[in-house]
Amino acid sequence: MDPYGDHNRKILSPLDKVLEEQKERTETVQQDGIKESDFHASNVLESEMQVNNFKTGTSLVEHLSDLRKQLIKAAAVFLAFFLAVFASINLWFPYVTRGHQLIILGPLEVVKFYMSISMALAFGLSLPFLCHFLWQFVKPGLNDRESRFLSIFSPIMLLLFIGGVSFGYFIVNPLSYQFLVSLGAMNFTVMVSAQEYVRFLLMTTMPIGIIFELPIVALFLATIGLLTAVTMRKVRKWSYLSIAIVSALITPPDFVSQLIVLIPMVLLYEASIHIVVYAEKRSIIANKKTEAQQ
């Protein structure tokens, strides 16, 4: 046993001491370099995260600003048409009432009648502009296929909506109105208020215009791969049941109105199937041409 306790001490020569000091300095420099590189990497990562967050915030602000601009444009156009329609009440009033004798139950009902009809007509007249403003807002976020689809079929959507409203105005509304009034006249003295007439008129026109968009909706879903003609054929029975329920909800509670709306809805569904089949065939042909070119 070593009484001094230094039997494990390493004895170095002067040359070994120099080499050992150089080795320690090298290790210290390497450790400092690693720390500096880690610090630099963390700073770079934080900078990139800040830049990404700034870009995301800037993009969100730009989208909200663009949405605000389009909403202001839409509100301005709607207000302009509303004022024009409201100022020309005497011109369109006979076409709305169709010569029916209407009554008012209070002084405010006149204002409600004019406001309701004016807003409905202003919405119909401003619809093309509203669709254009909506298109300008969503266009940057669409891919080429969706953008091409909407640019081609937007006018068709407008025409289908106008066709549905016209179908309701010229066919559904007069037939159902005459049927219900005749049914009530058997045992009652029928007096129709202006407010109830407006409600009935809007019920038999606006929802039908929306329903007439069914073929375009089906074609769009087929274009993006969410709907196929095979699926539509499989669920045909359930679709007919759903159509019957919808026609009962959006029409007056009489069998004539529901039947008048149910028949074109079924025809539109069948037409949608054929349109989807045609779209699928075109998609297959386009894919074959693409593969042949590659």
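Start by selecting glycine 164, which sits in helix α4, residues 144-185. Helices here are DSSP runs of H or I with at least four residues, strands are runs of E with at least two, and both are numbered from the N terminus. Before going on, note that this is a predicted model: local features need pLDDT of at least 70, side-chain atom pairs count only at pLDDT 80 or more, and totals for chains, interfaces and linings use all residues. Residues are numbered from 1 along each chain as its sequence is written, and side-chain values use heavy atoms, leaving out hydrogens and water.

**Stop 1: around glycine 164**

Is glycine 164 buried or exposed? Glycine 164 is buried, at a relative accessible area of 0%. (Buried means under 20% relative accessible area, exposed over 50%, and partly exposed in between, with a 1.4 Å probe and protein chains only.) Now show Thr205, Ile208, Gly209 and Phe212: glycine 164 is in contact with these, leaving aside its neighbours within four places in sequence. Contact means heavy atoms within 4.5 Å. Then pick proline 264, which is 100 residues from glycine 164 in sequence but 9.8 Å from it in space, C-alpha to C-alpha.

**Stop 2: zoom out**

Switch to a cartoon of the chain. You should find ten helices and two strands, running in the pattern α-α-β-α-α-β-α-α-α-α-α-α along the sequence. Of the 294 residues, 25% count as buried. Among contacts with a separation of 6 or more, 81% are between residues 24 or more positions apart. Turn on the surface, and the accessible area comes to about 20,500 Å², with 67% of it belonging to carbon and sulfur atoms. These areas come from the Shrake-Rupley method with a 1.4 Å probe; for residues, only the protein chains shown count as cover.

**Stop 3: the cores**

Hide the surface and select Phe167, Val172, Ile208, Met232, Val261 and Val276. Within the largest nonpolar core, which has 20 residues, these touch the most other members. A nonpolar core is a set of buried Ala, Val, Leu, Ile, Met, Phe, Trp, Tyr and Cys residues joined through side-chain atoms within 4.5 Å. Which helices each supply at least two residues of this core? They are α4, α6 (206-211), α7 (214-223), α8 (229-234), α9 and α10 (255-293). The largest share, eight residues, comes from α10. For a second, separate core of 14 residues, look at members including Val96, Phe113, Tyr177 and Phe200.

Go back to valine 276 and show what surrounds it. Apart from neighbours within four places in sequence, valine 276 is in contact with Ala218, Ala222, Leu227, Thr228, Ala229 and Met232.

**Stop 4: two helices with a buried side**

Select α7 and colour its buried residues: Pro215, Ile216, Ala218, Leu219, Ala222 and Thr223. Look down the axis of α7: these buried residues fall within an arc of 160°, so they line one face of the helix. The arc is that of the directions from the helix axis to the C-beta atoms. After α7 comes glycine 225, with a positive phi near 85°.

Now jump to α2, residues 89-97, where Ile89, Trp92, Val96 and Thr97 are buried. They cover an arc of only 130° around the axis, which puts them on the same side of α2. Spin to the other side of α2 for the exposed Asn90, Leu91 and Tyr95. Just after α2, arginine 98 has a positive phi of about 55°.

**Stop 5: salt bridges**

How many salt bridges does the structure hold? There are two, counting a side-chain nitrogen of Lys or Arg within 4 Å of a carboxyl oxygen of Asp or Glu. Glutamate 196 pairs with arginine 199 at 3.2 Å, N to O. These two are about one helical turn apart, because they lie three residues apart in helix α5 (residues 194-203). Next, select arginine 236 and glutamate 270, whose side chains meet at 3.0 Å, N to O. This pair links distant parts of the chain, with arginine 236 in helix α9, glutamate 270 in helix α10, and their positions 34 residues apart. Arginine 236 is partly exposed, at 26% relative accessible area.

**Last stop: helix α9**

Stay in α9 and pick serine 247. Serine 247 is buried at 2% relative accessibility, and touches Gln258, Val261, Leu262 and Met265, not counting residues up to four places away in sequence. Finish on leucine 241, also found in helix α9 (residues 236-250), and partly exposed at 46% relative accessible area.
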